[in-house]
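Let's take a walk through this one, starting with a single chain and ending where two chains meet. Have the viewer open and follow along.

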Number of protein chains: 2
Amino acid sequence: MFLGGVGRIMSVLGFLGPNGTHSEEAAIYMNTLLGNNWVLKPYRSIYEAIAAADEGEADCCFVPVENSIEGSVRITLDTLAHDVDLKINMELVWAVHNQLLVKDSREKITKLISHPQALAQCRKYIKMNYSAAELVEVSSTAHAAEVVAAGMKNAAAIASKRSADIYNLTVLDKDIQDNCDNVTRFILLSKTTSSINKTDPEKTMLICQMDGSKAGSLCDVLAEFAKYNINMTHIESRPTRMQLGRYMFFFEVEVPLDGRERLIKAIAAVKKKCFWLKDMGLFPVIKAENKKWR
Amino acid sequence: MFLGGVGRIMSVLGFLGPNGTHSEEAAIYMNTLLGNNWVLKPYRSIYEAIAAADEGEADCCFVPVENSIEGSVRITLDTLAHDVDLKINMELVWAVHNQLLVKDSREKITKLISHPQALAQCRKYIKMNYSAAELVEVSSTAHAAEVVAAGMKNAAAIASKRSADIYNLTVLDKDIQDNCDNVTRFILLSKTTSSINKTDPEKTMLICQMDGSKAGSLCDVLAEFAKYNINMTHIESRPTRMQLGRYMFFFEVEVPLDGRERLIKAIAAVKKKCFWLKDMGLFPVIKAENKKWR
């Protein structure tokens with residue numbers, strides 16, 4: 001229970017609702033793991049969950065940042081870069097299991113309804129089995145289950161097992177994602193990092209913008225990480241939203257096992273080569289153990 | 001009409017339908033620019049438009065690859081990397097103007113309906129003006145206009161001017177995207193590059209995967225571009241869809257003004273440092289001149 005201290009201070013944890021989403025499944029798991037100190041509060045969107053933690057309406061929030069099939073969750077990255085001042089307290093690696101849910105298993109399926117990310121995670125399955133079906137995108141996997149439960153004709157939802165339980169739907173097909181390694185990384189965000197730094201942090205995230213008009217500016221920055229022998233686990237570019245061809249970068253790097261000194265030096269060196277740099281703090285990585293995953 | 005030769009050979013151009021999408025607007029512009037040699041054929045999804053060009057059902061296709069606000073179009077990148085063998089023949093830079101369209105301007109708006117990319121491009125406007133509205137995601141901006149025209153109550157579509165004309169809707173508010181520099185890059189794809197290489201190519205796209213388990217492998221590749229003084233205009237990472245933490249990269253680089261020799265050497269050097277590399281061909285960049293843009 002190494003985050004128990006934080007759990008006791010924090011009381012409201014925001015997540016992407018409604019109840020039944022993969023986010024809720026993962027948030028329940030994390031809350032149990034850390035001693036059930038939080039009251040879970042669903043928000044209508046990832047943006048609103050993050051903003052609530054930033055504005056103090058929630059003590060922290062728990063949002064997806066990357067899926068192994070569909071890639072980074074852009075609204076999370078963009079909100080962290082542009083709109084709020086939060087730190088990452090931990091990462092949870094969560095195996096996602098998508099199910100095909102129906103109300104009446106005798107009905108022919110002509111519509112598949114889900115969140116765009118879940119539809120994208122199941123592209124191959126859909127092409128193989130329901131290539132003629134209309135794809136209906138909604139705001140969450142749980143909402144898709146809700147719509148099917150409400151009686152939409154000839155429709156199947158792609159959603160979590162928990163959604164099937166909540167909305168009393170039949171699982172027609174399970175684990176329909178494109179491969180068995182469908183994993184989502186969630187991050188826990190709050191205003192501070194203080195309590196967490198007592199545990200063993202494994203990673204940090206840096207958000208920055210270089211002078212993109214200069215050839216080789218990204219290469220120069222990566223060379224600093226290489227110079228200090230810092231291993232990068234992920235790089236993502238996102239538009240600055242101001243001008244075509246101008247990007248900001250998200251670097252996730254490992255904390256060296258032999259101490260943080262090299263990392264601190266590398267960050268300082270990188271910062272000198274950037275217009276601006278946002279340090280998201282050091283955090284531990286926890287791998288959920290209740291599911292099959294690699 | 002420097003692509004006229006290609007236009008005469010090619011007869012069917014696939015794009016993301018239905019009629020009225022931003023893609024159709026841009027495809028009509030390009031077709032006019034190049035001598036109206038193509039019959040435009042709408043496809044239900046970007047994937048299907050690209051697959052049609054790959055399988056010979058269409059002679060070429062015209063799909064979005066990046067938006068200046070929302071970023072890369074992932075389905076385009078993933079399909080190019082995994083599923084087809086096509087070359088980029090040209091790029092068109094297109095200013096996107098999102099409009100708020102309604103059937104009856106006296107009705108209160110409680111629902112905003114559009115493609116997820118368009119909703120994302122207008123995040124700030126929505127937050128300022130319709131923060132309580134329900135966001136409804138559909139498969140295209142044109143389909144959103146169609147739904148509103150069909151009589152959905154209290155709903156407004158975010159779509160193109162052309163959609164307003166086609167579906168006889170009222171423009172309640174125009175240019176509602178988050179900033180004035182909302183630009184989409186489209187690419188024209190076909191099986192060959194031969195005819196196009198006679199024109200002046202400005203860029204190329206390379207797709208590759210390095211040994212991500214080796215620290216500094218991305219840095220090594222970027223160093224090759226730097227060594228040959230090749231300017232990179234965009235880098236994008238995408239999951240390989242096989243395992244969390246394994247990525248492929250999309251590099252867009254400029255063709256040197258003083259000849260292609262350095263570029264060819266750089267590509268050969270980069271290829272040696274990759275598991276695999278896919279060269280998407282050299283292509284010219286055309287900036288659409290019928291719209292305000294930077």
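How does the radius of gyration of chain A sit with that of a compact globule of 294 residues? Keep in mind that this is a predicted model. A compact globule with 294 residues would come out near 19 Å, and chain A has 20 Å, so the two agree. If you'd rather think in box dimensions, the C-alpha atoms of chain A fill roughly 65 × 45 × 35 Å along the principal axes.

What's inside that box? Chain A is built from ten helices and 16 strands. Of its 294 residues, 59% count as buried. The contacts tell you how the chain is wired up: take those between residues at least 6 apart in sequence, and 79% of them join residues at least 24 apart.

Now for the outside. Chain A exposes about 12100 Å², with 51% of that supplied by carbon and sulfur atoms. As for charges, chain A carries 36 positive and 35 negative ones, and the mean positions of the two sets are 2 Å apart.

That leaves the partner. Chain A puts 49 residues into the contact with chain B, and chain B likewise brings 49 residues. Between them, the two chains bury about 4200 Å², and 45% of this area lies on carbon and sulfur atoms. If you want somewhere to zoom in on the chain B side, try B:Arg74, B:Arg241 and B:Leu244: this trio supplies 19% of the area that chain B buries against chain A, more than any other three residues.

Conventions: Residues numbered from 1 in each chain as written. Chains lettered and ligands numbered in written order. Predicted model: local features only at pLDDT ≥ 70, side-chain atom pairs only at ≥ 80, totals over all residues. Heavy atoms only, no water. Helix = DSSP H or I, 4+ residues; strand = E, 2+ residues; numbered from the N terminus. Rg over C-alpha atoms; globule rule 2.2 N^0.38 Å. Buried < 20%, exposed > 50% of the residue type's maximum accessible area, 1.4 Å probe, protein only. Contact = heavy atoms within 4.5 Å. Areas by Shrake-Rupley, 256 points an atom, 1.4 Å probe, with all protein chains shown as cover. Lys, Arg positive; Asp, Glu negative; His and termini not counted. Charge placed at Lys NZ, Arg CZ, Asp CG, Glu CD. Buried area = accessible area lost by both parts, 1.4 Å probe.
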